[in-house]
Amino acid sequence: MRILGIDPGTVVVGYGVIDSEGDEITLVCFNVLAYSQHSPIGERLSYFYNKLSEIISRYQPNAVAVESPFMGKNARSALAIGKAQAVAILAAANKEISIYEYTPTQIKQRVTSYGISSKEQVQEMVRLQLGLAEAPQPDDAADALAVAICHLHEIHLNNLLTGSDQEIG
């Protein structure tokens, strides 16, 4: 199974692709898409949509996992990230790929087994689970890989709870 994880943003979007066969996770690729913060929001979102559509076409994931915005003290920021999240969801939906959304707490819980882990702890667990010499950089790409790994762990947990061995996505 191939999973594309996306860490949405309005200036930088992180993405990471992993493959899973049995208990083995393999890194396919990771990177970020960046666009000038001084450009109009519509221009940035269009760019991210087009680039994510290209990534989906190139890597042919079975599922796309997207981080949901955190609704903290800054509602304006969460709403802006929600727009980028919608673009990621639309890119996957237009390719008829299953989409899954996870909150930051769910991602931390599935990747580190601790829902309030630090960013550094999450990155270290991503590094360990993918067998990398060092944590992926930049942070947005590492976060996207964490989203993909979260979805993979969610599949395994659902299979344990239902007694099945189906791939979700």
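This report describes a predicted model of a protein, from its overall build to a few single residues.

## Overall build

The protein has 5 helices and 5 strands. Along the sequence these elements come in the order β-β-β-α-β-α-β-α-α-α.

For a chain of 169 residues, a compact globule would have a radius of gyration near 15 Å, and the protein agrees with this because its own value is 15 Å. Along the principal axes, the C-alpha atoms fill a box of roughly 45 × 35 × 30 Å. Among contacts with a separation of 6 or more, 60% join residues that are 24 or more positions apart.

## Surface and interior

Of the 169 residues, 42% count as buried. The protein exposes about 8,700 Å², and carbon and sulfur atoms supply 50% of that area.

One nonpolar patch on the surface covers about 330 Å² and is made by Leu-157, Leu-160 and Leu-161. Leu-157 belongs to helix α5, which spans residues 139–162. This leucine counts as partly exposed because its relative accessibility is 31%, a value between the limits of 20% for buried and 50% for exposed.

## A buried residue in strand β2

Ile-18 is part of strand β2, residues 12–21. Its relative accessible area is 0%, so Ile-18 is buried.

Not counting residues up to four places away in sequence, Ile-18 touches Met-1, Arg-2, Ile-3, Ile-25, Thr-26, Val-28, Leu-130, Leu-145, Ala-148, Ile-149 and Leu-152. Leu-130 falls within helix α4, which covers 119–130, and Leu-145, Ala-148, Ile-149 and Leu-152 fall within helix α5, residues 139–162. Pro-69 stands 51 residues from Ile-18 in sequence, and their C-alpha atoms are 22 Å apart in space.

## Thr-112 and its polar contacts

Thr-112 lies in helix α3, a helix that runs over 104–112. Thr-112 counts as buried because its relative accessibility is 17%, which is under the limit of 20%.

The side chain of Thr-112 reaches two backbone oxygens: that of Lys-108 at 2.6 Å and that of Tyr-114 at 3.0 Å. Leaving aside neighbours within four places in sequence, Thr-112 is in contact with Ser-117, Gln-121, Val-122 and Met-125. Of these, Gln-121, Val-122 and Met-125 fall within helix α4 (119–130).

## Backbone exceptions in the loops

Most residues other than glycine have a negative phi, and most peptide bonds are trans. Three places in the loops of this model depart from that pattern, and they are described below.

Ser-113 is not a glycine, yet its phi is positive, at about 70°. This serine sits in the loop between α3 and α4. With a relative accessible area of 58%, Ser-113 is exposed because that value is over 50%.

Glu-96, also not a glycine, has a positive phi of about 60°. Its place is the loop between α2 (75–93) and β5 (98–102). Glu-96 counts as exposed because its relative accessibility is 76%.

The peptide bond from Gln-137 to Pro-138 is cis, and its omega is near 0°. Pro-138 is found in the loop between α4 and α5.

Note on methods: Residues are numbered from 1 along each chain as its sequence is written. This is a predicted model: local features need pLDDT of at least 70, side-chain atom pairs count only at pLDDT 80 or more; totals for chains, interfaces and linings use all residues. Side-chain values use heavy atoms; hydrogens and water are left out. Patches are made of residues with over 30% relative accessible area and no salt bridge: like charges are joined within 9 Å, nonpolar side chains (Val, Leu, Ile, Met, Phe, Trp, Tyr) within 5 Å. Accessible areas come from the Shrake-Rupley method with a 1.4 Å probe; for residues, only the protein chains shown count as cover. A salt bridge is a side-chain nitrogen of Lys or Arg within 4 Å of a carboxyl oxygen of Asp or Glu. Helices (H or I, at least four residues) and strands (E, at least two) are DSSP runs, numbered from the N terminus. Buried means under 20% relative accessible area, exposed over 50%, partly exposed in between (1.4 Å probe, protein chains only). The radius of gyration is taken over C-alpha atoms; the globule rule is 2.2 Å times the number of residues to the power 0.38. Contact means heavy atoms within 4.5 Å. A polar contact is a pair of N or O atoms within 3.5 Å; within protein, one must be able to donate a hydrogen and the other to accept it, and residues adjacent in sequence count only if both atoms are side-chain atoms.
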